[in-house]
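Take a look at the chain below. We will start from a single residue and work outward until the whole fold is in view.

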Amino acid sequence: MPGLKPDPKSRLLYVRELPRRIQHVTIFVHDLPKAIAWYRDVLGLPLRLADAKWAEFNTDGVTLILRPKDPRQPSGGRTGVTFSIHDLGSCLTILQTRGVKVIRGPEAVLANVRIAEIEDLEGNWITLAGR
């Protein structure tokens, strides 16, 4: 953002014990078996492991976890997940043939980056970023 400069004091806050790297992203779902099938079969993510309470998918860098939604969790906000895609147009073509709904895009956000947003089977929006 123009005009914003880093706060020199913030360098003092960089310590190893504070968060710096995302290890995994968790999406809470209503129907775990259906969600596993969608992320595996429609998005094509490799399933690492799954049981009745948990599923993990291999991605390049950050693990994607699906867990059943706890009824005590408040409704409202959604989890945001962005996948890096090499060829966004080809990816969207494949996903649309699999019945995936494109919510927005593709649209240019930088000179060499375009994004599109799709919806999973539970209404969570997933951002795809690529060329």
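Start with Leu66. Leaving aside residues up to four places away in sequence, Leu66 touches Ile27, Val29, Leu32, Ala35, Ile36, Tyr39, Lys53, Trp54, Ala55 and Phe57. Keep in mind that this is a predicted model.

Where does Leu66 sit? Its place is in strand β4. Is Leu66 buried or exposed? Its relative accessibility is 0%, so Leu66 counts as buried; the cut-off for buried is under 20%. One of its contacts is Tyr39. Along the chain, Leu66 and Tyr39 are 27 residues apart, and their C-alpha atoms are separated by 9.4 Å.

Now step back to the whole chain. It has 2 helices and 8 strands. Read from the N terminus, the elements run β-α-β-β-β-β-α-β-β-β. The chain has 131 residues, and 30% of them count as buried. About 9300 Å² of the chain is exposed, with 55% of that supplied by carbon and sulfur atoms. Take the contacts in the chain with a separation of 6 or more: residues 24 or more positions apart account for 49% of them.

Next come the sheets. Strands of a sheet pair through backbone hydrogen bonds, either parallel or antiparallel. One open sheet has 4 strands in the order β1-β4-β3-β2, and its pairing is mixed. Which strands stand at the edges? They are β1 and β2 (47-51). Each has a single partner strand, so one side of each is left without a neighbour in the sheet. On average, neighbouring strands here are turned by 15° against each other, direction ignored. Look at β2 and β3: they run antiparallel, joined by 4 bridges. In this part of the sheet, Ala50 stands opposite Ala55 in β3. Ala55 is also among the residues that Leu66 touches.

Helix α1 lies across β1, β2, β3 and β4. It runs at about 155° to β4. The helix spans residues 32-42. Which of its residues are buried? They are Leu32, Ala35, Ile36, Trp38, Tyr39 and Val42. Leu32, Ala35, Ile36 and Tyr39 also appear among the contacts of Leu66. Check both ends of the helix. At the start of α1, a side-chain oxygen of Asp31 comes to within 3.2 Å of the backbone nitrogen of Lys34. Just after α1, Gly44 takes a positive phi of about 80°.

Move on to another sheet. This open sheet has 4 strands too, with mixed pairing and the order β5-β8-β7-β6. Its edge strands are β5 (81-85) and β6 (101-110), and each pairs on one side only. From one strand to the next, the twist averages 20°. Strand β7 covers residues 113-119. It runs antiparallel to β6, and 6 bridges join the two. Lys101 stands opposite Glu119 in β7. Helix α2 (residues 88-97) packs on this sheet. It touches β5, β6, β7 and β8 (125-130), and its direction makes about 15° with that of β7.

Follow the chain past β7 to Asp120. This residue lies in the loop between β7 and β8. Is Asp120 buried or exposed? At 4% relative accessibility, Asp120 counts as buried. Its side chain reaches the backbone nitrogen of Glu122 at 2.8 Å. With residues up to four places away in sequence not counted, Asp120 touches Trp38, Tyr39 and Ile126. Trp38 and Tyr39 belong to α1. So here is a contact between this loop residue and the helix that lies across β1, β2, β3 and β4.

Finally, look at the core. The largest nonpolar core has 27 residues. Which have the most contacts inside it? They are Tyr39, Leu43, Leu66, Phe83, Ile118 and Leu128. The elements giving two or more residues to this core are β1 (24-29), α1, β3 (54-57), β4 (63-68), β5, α2, β7 and β8. Helix α1 gives the most, with 6 residues. That brings us back to the start: Leu66 is in β4, and it is listed among the core residues with the most contacts.

Notes:
Residues are numbered from 1 along each chain as its sequence is written. This is a predicted model: local features need pLDDT of at least 70, side-chain atom pairs count only at pLDDT 80 or more; totals for chains, interfaces and linings use all residues. Side-chain values use heavy atoms; hydrogens and water are left out. Buried means under 20% relative accessible area, exposed over 50%, partly exposed in between (1.4 Å probe, protein chains only). A polar contact is a pair of N or O atoms within 3.5 Å; within protein, one must be able to donate a hydrogen and the other to accept it, and residues adjacent in sequence count only if both atoms are side-chain atoms. Two strands pair if DSSP finds at least two bridges between them. Axes are lines fitted to C-alpha atoms, for helices over the stretch in contact, and angles run from 0 to 180 degrees between N-to-C directions. Contact means heavy atoms within 4.5 Å. A nonpolar core is a set of buried Ala, Val, Leu, Ile, Met, Phe, Trp, Tyr and Cys residues joined through side-chain atoms within 4.5 Å. Accessible areas come from the Shrake-Rupley method with a 1.4 Å probe; for residues, only the protein chains shown count as cover.
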